[in-house]
Amino acid sequence: MNYVFQFGDVWAARWDLLWGSWLTIQLSAAAMALGLLVAVLCALGKTMGPKPIRWAVECYIEAIRNTPFLVQIFLIFFGLPRAGIYLSSNEAALLAMVVNVGAYATEIVRAGIESISRGQIEAGLALGLRPLQVFRYVVLFPALSTVYPALTSQFILLMLSSSVVSTISAQELTATANDLQARTFRSFEIYIVVTAIYLLLSVLFSGAFDAIRRVVFARPGARA
Amino acid sequence: MIRQFGPTEAWFIIAAVRWTLLLSAIAFIGGGIAGLGVALARTAPVAWLRLAATGYIQLFQGTPLLMQLFLVFFGSTMLGSGVDPLVAAAIALTLNAAAFLGEIWRGCIQAIPTGQWEAATALGLRHLARMRYVILPQAGKIAIAPTVGFLVLLVKSTSLASIIGFVELTRAGQIINNVTFRPFLVFGLVAIIYFVLCWPLSRLSQMLEQRFGTVRR
């Protein structure tokens with residue numbers, strides 16, 4: 001153990017690392033928002049849709065949940081251009097992340113929707129709400145509120161797994177670290193610092209989700 | 001020169017499954033042993049043990065597995081002798097699995113009703129004996145389903161070992177794709193192989209969940 005740690009090169013690249021972190025935040029936040037949209041639509045299809053749609057959603061979920069994220073990235077990034085669809089690294093990364101988290105989040109949202117009892121929906125209809133209003137106010141909103149903790153921990157896992165998209169040279173934190181590593185050869189120091197940044201980011205996202213929960217799901221009389 | 005995708009190429013990919021399976025097995029066994037330690041420390045009556053286990057779990061669940069792999073891989077190179085990618089991947093995945101299994105099993109241990117703990121204490125059992133004879137046998141039963149579920153995650157996680165150059169299933173796919181330029185075919189095959197490994201485990205986990213998922217009071 002006679003290795004001398006030198007963090008000088010890492011400190012010199014602090015603005016690059018900060019920018020990389022910001023890119024990771026942007027990429028993850030975009031994937032979370034789009035992934036939630038996919039999840040709500042798929043969960044709706046799986047619980048209330050006709051049989052072919054239910055079956056299609058089921059296949060999508062099983063296919064994504066039983067194959068590695070890395071292979072999904074390669075299929076999208078290397079496969080799609082062969083089908084005439086050209087995506088930049090970052091677009092492919094975002095698409096892969098949305099497709100991936102969408103499948104996991106669908107199961108979570110579906111569990112939430114199924115926890116809403118039939119009587120609630122009937123009560124909503126009896127009050128004169130239209131079906132879409134019932135879905136929005138009586139089904140979706142309470143369902144999301146119930147599964148919010150599971151959903152947000154899935155989102156944090158997504159943010160952490162976004163480091164893998166550096167393999168198709170999408171620009172984010174790990175890619176910044178890899179560039180820096182190739183330039184300075186201070187790999188150990190760099191990855192220690194970047195690991196710490198990821199830890200900080202997961203704490204940050206966790207705090208942000210808590211704040212969002214307080215604002216969005218605050219109801220009069222409900223405990224915080 | 002572009003090679004055709006023939007039986008030789010397909011076989012190269014299929015044969016690489018053994019490395020994926022080996023890595024999964026090492027990480028699962030090592031992670032299982034260490035994970036039991038983490039779970040026991042996390043539920044121990046000693047405050048600093050609980051704190052240490054909590055910190056360990058937070059650290060490994062709050063950082064990307066890829067970074068953990070890089071730290072072990074580059075760290076061992078920096079500290080002197082470089083290690084084989086297999087060894088580095090096995091160490092990183094074991095440490096990671098220990099944190100996840102520790103957290104899963106902590107939940108199972110804490111799911112055992114207080115009455116059982118109190119009854120064991122009333123019988124005069126000390127903490128370790130209480131764990132060994134009363135809590136763990138019951139917790140083990142509810143732990144089966146989530147543990148099999150975690151195994152799916154672990155098999156998929158081994159694909160990251162390809163990034164540090166270990167030739168398992170995903171890396172074999174990359175190598176073949178680089179010479180044949182048939183990404184749909186190659187990564188499609190790779191994905192199907194992972195699916196064949198993982199899907200039965202997922203189903204098994206769901207079945208076990210229905211059978212052993214609840215605690216009988």
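## A look at chain B and its partner

Of the 217 residues in chain B, 43% count as buried, meaning that 20 or more other C-beta atoms, placed from the backbone, lie within 10 Å of the residue's own. Keep in mind that this is a predicted model, where local features need pLDDT of at least 70, side-chain atom pairs count only at pLDDT 80 or more, and totals for chains, interfaces and linings use all residues. Residues are numbered from 1 along each chain as its sequence is written, while chains are lettered from A and ligands numbered from 1 in the order in which they are written.

Chain B has nine helices and zero strands; helices here are DSSP runs of H or I with at least four residues, strands are runs of E with at least two, and both are numbered from the N terminus. The C-alpha trace of chain B spans about 75 × 45 × 20 Å along its principal axes.

How sure is the predictor? Here are the scores, with pLDDT being its confidence in each residue, from 0 to 100.

| Score | Value |
|---|---|
| Average pLDDT, chain B | 92 |
| Chain B residues with pLDDT at least 70 | 96% |
| ipTM, model | 0.91 |
| pTM, model | 0.91 |

Now for the meeting of the chains. Chain B gives 30 residues to the contact and chain A gives 30 residues, where contact means C-beta atoms, placed from the backbone, within 7 Å. On the chain B side, the helices giving two or more residues are H4 (65–78), H7 (127–157), H8 (169–180) and H9 (183–212). H9(B) supplies the largest share, eleven residues.

Conventions
Contact = placed C-beta atoms within 7 Å. pLDDT = per-residue confidence, 0-100. Buried ≥ 20, exposed ≤ 12 C-beta atoms within 10 Å, placed from the backbone.
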